[in-house]
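Subject: Structure for you to look at

Hi,

Here is the structure I promised to pass on. Please open it alongside this note, and my findings follow below.

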Amino acid sequence: MPKPRTTAGIIAALLIGGAVAVFAVVWRPAISATEPPAPQSFDANLVKRGRDLAAIGNCNDCHTVRGGKAFAGGLPVPTPFGTIYSSNITPDPETGIGRWSEAAFLRAMRSGVDRAGRHLYPTFPYDHFINVSDEDDRALYAFLMTRPAVHAPAHANDLAFPLNQRFVVAGWKLLFLRHGTYQQDAAQGAEWNRGAYLVEGLAHCGACHTPRNALGAERASASFSGGDVDNWHAYAINARSPAPVPWDTDALFRYLRQGWHPDHGVARGPMAEVVSNLSSVPESDVHAIAAYMASVFGPPTQDHLRQASDVRAQIKSPPLELSPTHAAGASIYSAACASCHETGRPLPYGGVNLGLSTALSAPDPRNAANIVLSGIRPVEGERSPIMPGFASSMTDQQVAALLDYLRSRFSNQPPWNGVEKAVQDARLTQTVFVQTSAGPQNAPADPTQRDKP
Amino acid sequence: MMTLKVNGHDHQIDADPDTPLLYVLRDDIKLNAAKFGCGLGQCGACTVIVDGKAVLSCVTPLLLLEGKQVTTLEGLGTIDAPAPIQRAFMEEQAAQCGYCIAGMMMRAQALLQKNPKPTDAQIRAELEPHLCRCGTHMRILRAVHRAARLMDTAELSSTTQAIVHGSAP
């Protein structure tokens, strides 16, 4: 049996060792503040490339609040742990990143640590940005540092103890922040590799489309199996996709580029902002994303192809008999919805035939409820898809009756549970979403159409 | 046969339950203020108030209106005694061709009922679903501000208010 003094010594050594280890995990040095670099000091081509990369990264979506200045932050991001407010990434020296050196910016992108050495919450998706090349980070820095500086102090986060202590994030990173989640694959072509680099890195598609574990980290084993964002369901974008017609490279490209596809409908909710950004970047990058994602979806099964041809046949000859159990919903549909969704007017100004709707084949009714209540807002100053919302004219029961009917008529999936509760939730959360989200800046429609009647 | 409450009066309507409210208002009850613009809920010309909220009557079927109170522009005021919103639109000469104006007034009225002093930005956001081809937007904005002031100085007659809020006159 060791002597008491030896035991005390071992305990002391363990404590000190532990403290050193914790310190090493948690502590990050401040990087000294620099004078804000003059906008002219950046190469114009670098800034331009940074602009495109920022659009691919969808930076403006989280870092801009409705009615606010671009990149000035302040958007509330609801999470299961509390509400986190996005930060000001304009070059304002006091409240933005004006005093951040390029090295400080690169460290933030790589490891989620701000200039002062504080750990950033992983709502900032550095688990993806860790994959972004130094070269691209430098272009992003050049772009952001040449934006108008906006004085906008950070909004305090609404997090409970202990999550409001930033050292907790260091533990999260120890568990979940991994280098090398993306690697080049020599067996694939250059376009596929470019797509993989963008999707797994800057575009951070998995941040919404991959389900998260109890600690809010993406479940690597369920990549792209469908996740949640702002009370929307981000659909599975792999073999488990609920889309009635299988996706392929061409459809993905057109959807991501234009914001809609005749076989799949219109991007809305948070995805509307993504496609709005993608309408403005080099076509080759959008095509690369589409090519890579098509391989993630995988080739369609025979069953899926059969379902697609069934749907197409049904669209040509809609059923005349209406199920009596859904009489109320059927009447609402024929009076309020069919005038756009069943006239065959082409997208994006006509409504998609609901047999093609992914929302109605989705695992839960959230997206369908959101869209019935809020509609699709037109983009200011642009020709864009539009749908009136029905929040003011339908009660929760009426929307629920409509959704039950739509599910039974337009999907081969079993009925949803808890539809009325989903409608109540949608009514509450969509009000907030529509008020805070900046919304799409470009029309999510084919830009080549803009000058045509 | 269903009973439809419009501007405080009960109307017996003999129409299919999926008939749009706009058709019933114009064809059966002969209230022609609400206009048929696009028929797709995209232009706002058909807007009326249902239980205090602005609703696009061309995509609102009768069956959704069981037990609800519908208010049209005719229910707000008359030629002899125009409501504050109507007076304000006249005083600002906010109508050119006028086709969109009834809808604009109805949504503005619904806005002012829940927010008596809206900001310019709030009015713009609220009236976003309404199209006006003539381009009198600036006058419309002024008219809504003017209506807010008129209502604030208690020039709203008690009978008009009763109809708009849905209680019997």
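To start with a small landmark, α4(A) is followed by G112(A), a residue with a positive phi, near 65°. Please keep in mind throughout that this is a predicted model.

The helix before that glycine, α4 of chain A, covers residues 102-111. Its buried residues are A104(A), F105(A), L106(A), R107(A), A108(A) and M109(A). Where do they pack? The buried residues of α4(A) lie against two other helices of chain A, α5 (126-129) and α6 (134-145).

Next, the empty space inside. How many cavities of 30 Å³ or more are there? The count comes to one, and the volume of this largest cavity is about 50 Å³. Its lining is made up of N58(A), N60(A), D61(A), E273(A), S276(A), N277(A), A438(A), G439(A), P440(A) and Q441(A). By character, the lining residues of the largest cavity split into six polar, two charged and two nonpolar.

Two helices of chain A, α3 (59-63) and α11 (270-278), each contribute at least two residues to that lining. The largest share belongs to α11(A), with three residues. Where does the cavity sit relative to the domains of chain A? Domain 1 (27-176) and domain 2 (190-449) both give residues to the lining, so the largest cavity lies between them.

Over in chain B, I looked at strand β3, residues 47-50. In a regular strand, side chains alternate between the two faces of the sheet. For β3(B), are the two faces covered or open? Both are covered: T47(B) and I49(B) are buried on one side, and V48(B) and V50(B) are buried on the other.

This strand also has two pairing partners worth tracing on screen:

- β4 of chain B (residues 53-56) pairs with β3(B) in the antiparallel sense, over four bridges. V48(B) has V55(B) as its bridge partner there.
- β5 of chain B (residues 69-71) pairs with β3(B), also in the antiparallel sense, over two bridges. Here the bridge partner of I49(B) is T71(B).

Finally, the connection between β3(B) and β4(B) is a hairpin with two residues between the strands. In that turn, D51(B) has a positive phi of about 45°.

Happy to go through any of this with you whenever it suits.

Best wishes

Terms used. Residues are numbered from 1 along each chain as its sequence is written. Chains are lettered from A and ligands numbered from 1 in the order in which they are written. This is a predicted model: local features need pLDDT of at least 70, side-chain atom pairs count only at pLDDT 80 or more; totals for chains, interfaces and linings use all residues. Side-chain values use heavy atoms; hydrogens and water are left out. Buried means under 20% relative accessible area, exposed over 50%, partly exposed in between (1.4 Å probe, protein chains only). Contact means heavy atoms within 4.5 Å. On a 1 Å grid over the protein atoms alone, a cavity is a set of points where a 1.4 Å probe fits but cannot get out, and a pocket is an open set with protein on both sides within 12 Å along at least five of seven lines; lining residues have an atom within 4 Å of a point. Grid points are joined across faces, edges and corners, and a volume is the space filled by probe spheres set on the points. Ala, Val, Leu, Ile, Met, Phe, Trp, Tyr, Cys and Pro count as nonpolar, Asp, Glu, Lys and Arg as charged, and the others, Gly among them, as polar. Domain bounds come from an automatic or database domain assignment. Two strands pair if DSSP finds at least two bridges between them.
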